[in-house]
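Thanks for coming, everyone. I would like to walk you through one chain today, slowly, and I will ask a few questions as we go.

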Amino acid sequence: MSQPHETARMRATARREGKSFKHTVQVRDHQLTVDETVVDGGEDTGPDPLEMLAVSLASCTAITMEMYAQRKGWDIGHVEVDVEYSPAERGCPTKFQLVMRLPAELPEEQLERLRSIAAKCPVHRALDGEVMFQERIERVHLAA
């Protein structure tokens, strides 16, 4: 995954569809559907926001390892990253479990280097680093 420039900003805009929790999220020229499960009052038309965090970490980890291997000229074949996590609760931090599945025939030194590189993916670093929020409300008239 390309490393964003220090001053680069990412943007996503979520807009509700209808009267449910279903939202269309615009990211550059792409649209994603994010919703809540039926149990939580949604229509389950897409992953929920917390699942999207797992999506981000799993895909970023896989792409980071693949890009590194490509730069090294390594043919690492099939890569799969499984992410499970438990969101923070009172007194307990958010806990991530990552399982990186790589071909058994890869040399040990490549496996170790890829494991090390995986922890340097931009999403992993963002989750591991200090986070600050700036929030504001803007009063506007939105089209339905």
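**Helix H2 and its surroundings**

Let me begin with helix H2, where Glu 108 and Glu 109 are exposed, on the other side of the helix from the residues I will come to next. Please keep in mind throughout that what you see is a predicted model.

Which residues of H2, the helix that runs over residues 108-118, are buried? They are Gln 110, Leu 114, Ile 117 and Ala 118. These residues lie on the same side of H2, because they cover an arc of only 100° around the axis. For those who are new to helices, a general point helps here: an α-helix has 3.6 residues a turn, so residues three or four places apart point the same way.

What covers the buried residues of H2? The cover includes helix H1, which spans 49-72, together with E5 and helix H3, which spans 122-128.

Let us take H1 from that group and look at how it lies against H2. In general, two packed helices are described by the angle between their axes and the distance between the axes. Here the axes of H1 and H2 come within 9 Å, and they cross at roughly 130°. That angle makes H1 oblique to H2, because the roughly perpendicular range ends at 115 degrees and roughly antiparallel begins only over 145. The crossing of the two helices, H1 and H2, is right-handed. As for the residues that meet there, H1 contributes Thr 61, Thr 64, Met 65, Tyr 68 and Ala 69, while H2 contributes Arg 113, Leu 114, Ile 117 and Ala 118.

One of the H1 residues deserves a pause. Is Thr 61 buried or exposed? Thr 61 counts as buried because its relative accessible area is 0%. If we leave aside its neighbours within four places in sequence, Thr 61 is in contact with Val 81, Leu 98, Met 100, Ala 118 and Cys 121.

Now to the aromatic rings, for which the count comes to two pairs. Tyr 68 and Trp 74 form an edge-to-face pair, with 5.7 Å from centre to centre and 75° between the planes. Tyr 68 in this pair is buried, since its relative accessible area is 10%, whereas Trp 74 counts as partly exposed because its relative accessibility is 22%. Tyr 85 and Phe 96 form a pair that is stacked, with 4.9 Å from centre to centre and 20° between the planes. This pair links distant parts of the chain, with Tyr 85 in strand E4, residues 80-86, and Phe 96 in strand E5, residues 95-101, eleven residues apart. Tyr 85 is buried, with a relative accessible area of 18%, while Phe 96, at 29% relative accessibility, counts as partly exposed.

Let me finish with the backbone, and with two loops. Which residue has a positive phi of about 50° although it is not a glycine? That is Arg 28, in the loop between strand E2, 23-27, and strand E3, 30-34, and Arg 28 is exposed, with a relative accessible area of 69%. Asp 44 is not a glycine either, and has a positive phi of about 55°. Asp 44 sits in the loop between E3 and H1, and at 47% relative accessibility it counts as partly exposed, because exposed would need over 50%.

Technical notes. Residues numbered from 1 in each chain as written. Predicted model: local features only at pLDDT ≥ 70, side-chain atom pairs only at ≥ 80, totals over all residues. Heavy atoms only, no water. Phe/Tyr/Trp six-rings, centres within 6.5 Å; stacked < 30°, edge-to-face > 60°. Buried < 20%, exposed > 50% of the residue type's maximum accessible area, 1.4 Å probe, protein only. Helix = DSSP H or I, 4+ residues; strand = E, 2+ residues; numbered from the N terminus. Arc of directions from axis to C-beta. Contact = heavy atoms within 4.5 Å. Axes fitted to C-alpha atoms, helices over the stretch in contact; angles between N-to-C directions. Parallel < 35°, antiparallel > 145°, perpendicular 65-115°, else oblique. Left-handed = near helix turned anticlockwise from the far one by under 90°.
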